[in-house]
Amino acid sequence: MKHKTFKKILVAGLGFLAAASLFSFGKQTNQVQAAKKSSSSLIIYFSKTGNTARAARQIQKETGGRLLRITPKKAYPNDYDATTRVAQSQIRRNIHPAIRGTIPNWNQYSTIYVGFPTWWMQPPIIIHTLFDNYSFRGKTIVPFTTSMETPMSSSMPYIRKMAKSKNAKRVINGFRYGNNNAELISYLRRNKLIR
């Protein structure tokens with residue numbers, strides 16, 4: 001009787017260990033696949049209020065790309081009206097604000113997601129600075145924006161012009177993220193950015 005009970009416990013234990021090993025192997029495989037994805041794509045974004053940051057994090061979740069937020073050396077004011085005045089002045093006077101820090105390992109990325117809020121029907125001027133500072137030669141650009149009403153199409157001429165001047169390989173028609181994750185996944189699959 002004791003022998004049969006021990007045998008049952010032993011078989012159950014071995015079964016548990018085998019299942020755990022398979023789970024661990026599957027987990028490691030998924031981590032390797034995620035690492036492969038993330039090694040070639042960068043999700044770079046500017047966010048003033050946090051909306052674009054949320055969109056960028058969701059893209060990272062779906063693609064496994066590396067996430068990087070850009071900020072100006074001189075921060076925008078906290079006050080909305082003051083920010084508006086500064087941003088409008090930058091557009092009017094074509095002032096490209098300096099970006100804090102540098103982007104490490106820039107050359108390793110082949111796909112660059114560029115995210116921003118839409119300000120006056122276009123990307124904030126800090127996005128121009130991004131294109132000023134880095135070569136996009138051979139890279140695929142995937143723009144995304146957050147806006148209550150303005151469609152992505154209003155910003156595309158600016159992005160295309162900047163991308164062309166920096167010899168980008170191609171620019172995918174961007175999208176406006178409106179907290180609809182199913183729509184985001186559909187967009188990424190449609191453009192063969194995820195499976």
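What share of the contacts in the protein chain with a separation of 6 or more is accounted for by residues 24 or more positions apart? In this predicted model, such pairs account for 77% of those contacts. The protein chain has 195 residues, of which 42% are buried. Its secondary structure comprises six helices and six strands, and from the N terminus on these elements follow the order α-β-α-β-α-β-α-β-α-β-β-α.

The interior was examined next. The largest nonpolar core contains 29 residues. Within this core, Ile44, Ile127, Phe136 and Ile141 have the most contacts. Two or more residues of the core are contributed by each of β1 (41-45), β3 (111-117), α4 (125-133) and α5 (156-165). Another core, of 16 residues, lies apart from the largest one and includes Val142, Phe144, Ile172 and Phe175.

Helix α4, one of the elements that supply the largest core, is mostly covered, with seven of its nine residues buried. The buried positions are Ile125, Ile126, Ile127, His128, Thr129, Leu130 and Phe131. Among the elements that cover these buried residues are β1, α3, β3, β4 (140-146) and α5. The surroundings of Ile127 can be given residue by residue: with residues up to four places away in sequence set aside, Ile127 touches Phe46, Ile70, Val114, Gly115, Phe116, Ile159 and Met162. Asn133 also belongs to helix α4, but this residue is partly exposed, at a relative accessible area of 47%. That value places Asn133 in the partly exposed class because the class lies between the buried limit of under 20% and the exposed limit of over 50%. The C-alpha atom of Asn133 is separated by 9.8 Å from that of Ile103, a residue 30 positions away along the chain.

Helix α2 provides a further buried position. Ala56 is located in this helix and is buried, with a relative accessibility of 0%. Beyond its neighbours within four places in sequence, Ala56 is in contact with Ile43, Tyr45, Leu67 and Phe144. One of these partners, Phe144, is a member of the core of 16 residues. Ala56 and Tyr113 are 57 residues apart along the chain, and 8.6 Å separates their C-alpha atoms.

The largest pocket encloses about 610 Å³ of space. It is lined by 25 residues, and those closest to its centre are Thr49, Asn51, Pro117, Trp119 and Thr146. Two elements, α2 (51-63) and α3 (80-93), give two or more residues to the lining. Of the elements, α3 gives the most, with four residues. Classified by residue type, the lining consists of 14 polar, eight nonpolar and three charged residues.

Thr118 occupies the loop between β3 and α4. With a relative accessible area of 13%, Thr118 is buried, because this value falls under the 20% limit. Its side chain forms a polar contact of 2.6 Å with the side chain of Thr145. Excluding residues up to four places away in sequence, Thr118 touches Thr145, Thr146, Ser147, Thr150, Ser154 and Ser155. Thr146, one of these partners, is also among the residues closest to the centre of the largest pocket.

Backbone geometry was considered last. Most residues other than glycine have a negative phi. Asn94, which is not a glycine, has a positive phi of about 55°. This residue is placed in the loop between α3 and β3 and is exposed, with a relative accessibility of 51%. A positive phi, near 60°, is likewise found at Asn167, again a residue other than glycine. Asn167 lies in the loop between α5 and β5 (170-171). In contrast to Asn94, which counts as exposed, Asn167 is partly exposed, with a relative accessible area of 39%.

Definitions and conventions:
Residues are numbered from 1 along each chain as its sequence is written. This is a predicted model: local features need pLDDT of at least 70, side-chain atom pairs count only at pLDDT 80 or more; totals for chains, interfaces and linings use all residues. Side-chain values use heavy atoms; hydrogens and water are left out. On a 1 Å grid over the protein atoms alone, a cavity is a set of points where a 1.4 Å probe fits but cannot get out, and a pocket is an open set with protein on both sides within 12 Å along at least five of seven lines; lining residues have an atom within 4 Å of a point. Grid points are joined across faces, edges and corners, and a volume is the space filled by probe spheres set on the points. Ala, Val, Leu, Ile, Met, Phe, Trp, Tyr, Cys and Pro count as nonpolar, Asp, Glu, Lys and Arg as charged, and the others, Gly among them, as polar. A nonpolar core is a set of buried Ala, Val, Leu, Ile, Met, Phe, Trp, Tyr and Cys residues joined through side-chain atoms within 4.5 Å. Buried means under 20% relative accessible area, exposed over 50%, partly exposed in between (1.4 Å probe, protein chains only). Contact means heavy atoms within 4.5 Å. A polar contact is a pair of N or O atoms within 3.5 Å; within protein, one must be able to donate a hydrogen and the other to accept it, and residues adjacent in sequence count only if both atoms are side-chain atoms.
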